[in-house]
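Student: I have a protein model open and would like to learn how to read it. Could we go through it together, one question at a time?

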Amino acid sequence: GHVGVSPWPRKTRKDCFPPEATMQNINPRVIGRLNRELRDLTKSPPEGVRFLPGDMDTLTEVHVELDGPEETPYFGGTFRMKLVLGQDYPQAPPRGFFLTKIFHPNVSNNGDICVNTLKKDWSQTVTLSHILAVIRCLLIVPFPESSLNDEAGKLFMESYDDYAERARLMTQVHAMRRISGQSATCAASDEGTAGVESGTGAAEEVHALNATKVNEMGPKKADTVKKPSAQAKAAKKQKENKKKGLKRL
């Protein structure tokens with residue numbers, strides 16, 4: 001049969017997938033607002049927040065680093081996160097993601113953040129600086145009642161000390177600056193999921209937990225851990241000698 005040209009237009013990737021929010025399809029007034037807010041974020045950011053400037057073509061993704069607040073299990077850690085602005089921003093709130101792995105009731109395993117400012121309390125007048133300040137405050141005062149990480153929420157409610165120990169451990173493994181000057185922060189993929197080191201991270205967590213326990217015990221207590229095995233050997237030898245004595249009798 002004759003093979004003719006198809007009467008149907010050829011579909012491209014652009015036709016099959018919804019357009020991404022880029023500079024080309026965002027309202028110019030929104031672009032103006034974003035530019036002003038990013039300037040403010042650069043000049044006078046909220047406490048413990050650092051804006052990480054990127055490519056202007058990806059203006060709809062705002063990347064920052066958060067310093068772990070004092071007197072929290074996150075202190076000493078540097079947490080990278082991003083706000084993703086959709087085409088309907090500012091009518092709809094942006095989405096927040098932690099790119100550094102963190103143990104927190106209101107942050108899911110893939111980094112998604114649950115905070116009322118980005119949900120039911122959203123208003124078009126809310127600025128990016130305010131959003132980031134609220135998210136950092138969430139590290140100080142979590143809300144386990146609306147948790148995305150059920151394990152963290154349950155632990156927070158039942159035993160704060162255990163929760164703090166686990167959160168501190170995760171901070172040490174994933175959010176502390178390494179000696180070489182490189183960050184232990186795990187960058188996420190473009191899909192917005194947290195970059196989790198499945199194998200190595202888990203091993204490091206176990207190693208860090210063991211090291212923490214030895215440090216907490218101190219040198220004297222750590223030495224006593226080895227003594228039971230020596231005592232057990234002595235008791236076994238004594239028992240064998242007794243058996244030999246009974247045989248002689």
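Student: Is C114 buried or exposed?
Tutor: Good place to begin, and do keep in mind that this model is predicted. The relative accessibility of C114 is 15%. Buried means under 20%, so C114 counts as buried.

Student: Where along the chain is C114 found, and which feature does UniProt place there?
Tutor: C114 is found in the loop between β4 and α3. The UniProt record, an unreviewed entry, gives this position a feature name, and such annotations may be inferred rather than shown by experiment. The feature placed at C114 is "active site".

Student: Which residues does C114 touch, not counting those up to four places away in sequence?
Tutor: Here we leave out residues up to four places away in sequence. With those set aside, C114 touches N106, K119, L138, S146 and L148.

Student: Which element gives the most residues to the largest nonpolar core?
Tutor: That core has 40 residues, and V62, V64, M81, L83, F98 and I135 touch the most other members. The elements that give it two or more residues include β2 (61-67), β3 (78-84) and α3 (128-140). With seven residues, the one that gives the most is α3.

Student: Which residues does I135 touch, leaving out those up to four places away in sequence?
Tutor: I135 is among the core residues that touch the most other members. Leaving out residues up to four places away in sequence, I135 touches L66, M81, L83, F98, I113 and L118.

Student: What about F97: is this residue buried or exposed?
Tutor: F97 lies in strand β4, which covers residues 95-98. Its C-alpha atom is separated by 5.4 Å from that of K82, 15 residues apart along the chain. The relative accessible area of F97 is 5% and the cut-off is under 20%, so F97 is buried.

Student: How is α2 oriented relative to α3?
Tutor: Their axes come within 9 Å and cross at roughly 50 degrees. An angle under 35 degrees would count as roughly parallel, and 65 to 115 as roughly perpendicular. The crossing angle falls in neither range, so α2 is oblique to α3.

Student: How many charged residues are in the contact of α4 with α5?
Tutor: The axes of α4 and α5 come within 6 Å and cross at roughly 135 degrees. The contact is made by E151, A152, L155, F156 and E158 of α4 and Y160, D162, Y163 and R166 of α5. These residues divide into five nonpolar, no polar and, to answer you, four charged.

How values were computed
Residues numbered from 1 in each chain as written. Predicted model: local features only at pLDDT ≥ 70, side-chain atom pairs only at ≥ 80, totals over all residues. Heavy atoms only, no water. Helix = DSSP H or I, 4+ residues; strand = E, 2+ residues; numbered from the N terminus. Buried < 20%, exposed > 50% of the residue type's maximum accessible area, 1.4 Å probe, protein only. Core = buried A, V, L, I, M, F, W, Y, C linked by side-chain atoms within 4.5 Å. Contact = heavy atoms within 4.5 Å. Axes fitted to C-alpha atoms, helices over the stretch in contact; angles between N-to-C directions. Parallel < 35°, antiparallel > 145°, perpendicular 65-115°, else oblique. Nonpolar A, V, L, I, M, F, W, Y, C, P; charged D, E, K, R; others polar.
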